Amino acid sequence: MAEHKEEESLVESVMDKISDKLHGRGGSSSSSDSDGERTADLKAKIYRLFGREKPVHSVLGGGKPADLFLWRNKKISVGVLAGATAIWLLFEVMEYHLLTLLCHCIILTLAMLFLWSNASTFINKSPPNIPEVRIPEDLAVNVARSLRFEINRGFATLREIGQGHDLKKFLIVVAGLWILSVLGSCCNFLTLFYIVFMVLYTVPVLYEKYEDQIDAFGEKAMIELKKYYAIFDEKCFSKIPKVHMADAKEKGVIHFPQLNSKAF
């Protein structure tokens, strides 16, 4: 009888340990699930600039261009930056012309290759191996298709704005064009292109580094802009009479509502 009681007590202790482990695992899984849901909710609530849902690297298109703008490979990024700066200094500071620069570069390259090819027989060295450069047909077709798609999308956007469907987009485009006109009056096209290049080369990497701070500031700025836009819409755009297009289609005449002189 004593042995039987000892066996029963051992079985009960083992079962208690198993149940405790199972309950502990269940509690941990439920807590991990709740933690995952909380983190997902927090990520969903975080404001991202311009409604961005992807990382900055994916927004820039990914691949080598995104690595270049985000300084993933510092040697290549520094080389491209130095080359762009040298071109800007040649054309702007030294007042070099594009056609003159191209002709001088081609003359220098051809002279070096010509002399090397003829002197290789006298100095017992192999002539230069000049690679055959050809533009692939697939690459040219893909570039042309991409340009065609972007140009058609730009034309469609301008047409939509011209038809008066989106007031916010209209104001954004007008403001952007006005800023470009001001910049164009202050500097020429090459300097403007260099400024845009420097912005693309510095802003994405700084934004990726200080992403949370910039997004928080952008959220506050968007709230203030929406307030001012609502006030402006209430005081100005709400007083503009709207055309009754349904009556115009039925009767063939466009009717304008009578304006109240006290509103102005």
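These legends describe several views of one predicted model.

Local features need pLDDT of at least 70 and side-chain atom pairs pLDDT 80 or more, while totals for chains, interfaces and linings use all residues. Residues are numbered from 1 along the chain as its sequence is written, and side-chain values use heavy atoms, with hydrogens and water left out.

**View 1. The whole chain has ten helices and zero strands.**
From the N terminus on, the order is α-α-α-α-α-α-α-α-α-α. Helices (H or I, at least four residues) and strands (E, at least two) are DSSP runs, numbered from the N terminus. The chain has 264 residues, and 9% of them are buried. Buried means under 20% relative accessible area, exposed means over 50%, and partly exposed lies in between (1.4 Å probe, protein chains only). Contacts are heavy atoms within 4.5 Å. Among contacts between residues at least 6 apart in sequence, 50% join residues at least 24 apart. The chain exposes about 22500 Å², and carbon and sulfur atoms supply 66% of that area. Accessible areas come from the Shrake-Rupley method with a 1.4 Å probe; for residues, only the protein chains shown count as cover.

**View 2. Seven side chains, from Ile-135 to Leu-158, make a nonpolar surface patch.**
The patch covers about 740 Å². Its members are Ile-135, Leu-139, Val-143, Leu-147, Ile-151, Phe-155 and Leu-158. Patch residues have over 30% relative accessible area and no salt bridge; like charges are joined within 9 Å, and nonpolar side chains (Val, Leu, Ile, Met, Phe, Trp, Tyr) within 5 Å. Ile-151 sits in helix α6, residues 137-162. Ile-151 is partly exposed, at 46% relative accessible area.

**View 3. Arg-153 and Glu-150 pair in a salt bridge.**
A salt bridge is a side-chain nitrogen of Lys or Arg within 4 Å of a carboxyl oxygen of Asp or Glu. By this rule there are five salt bridges. Side chains of opposite charge can pair when their charged atoms come close. For Arg-153 and Glu-150, the N to O distance is 2.7 Å. The two are three residues apart in helix α6, so about one helical turn separates them. Arg-153 is partly exposed at 46%, and Glu-150 is partly exposed at 41%.

**View 4. Two further salt bridges involve Glu-160 and Lys-227.**
Glu-160 pairs with Lys-169, with the closest N and O atoms 3.7 Å apart. Glu-160 is partly exposed at 32% relative accessibility. Lys-169 is also partly exposed, at 28%. Lys-227 pairs with Glu-224, with the closest N and O atoms 4.0 Å apart. These partners are three residues apart in helix α9 (residues 211-235), so about one helical turn lies between them. Lys-227 is partly exposed at 46%, and Glu-224 is partly exposed at 39%.

**View 5. Cys-186 and Cys-187 do not form a disulfide.**
A disulfide is a pair of cysteine sulfur atoms within 2.5 Å. The count is zero. The sulfur of Cys-186 lies 6.5 Å from that of Cys-187, its closest cysteine sulfur, so the two are too far apart for a bond. Cys-186 is exposed, at 63% relative accessibility. Cys-187 is buried, at 17%.

**View 6. UniProt places "transmembrane region" at three spans.**
The unreviewed entry gives residues 76-91, 97-116 and 170-203. Positions use the numbering here, feature names are shortened, and annotations may be inferred rather than shown by experiment. Residues 76-91 are 100% helix and 0% strand, with end C-alpha atoms 23 Å apart. Residues 170-203 are 94% helix and 0% strand, with end C-alpha atoms 25 Å apart.
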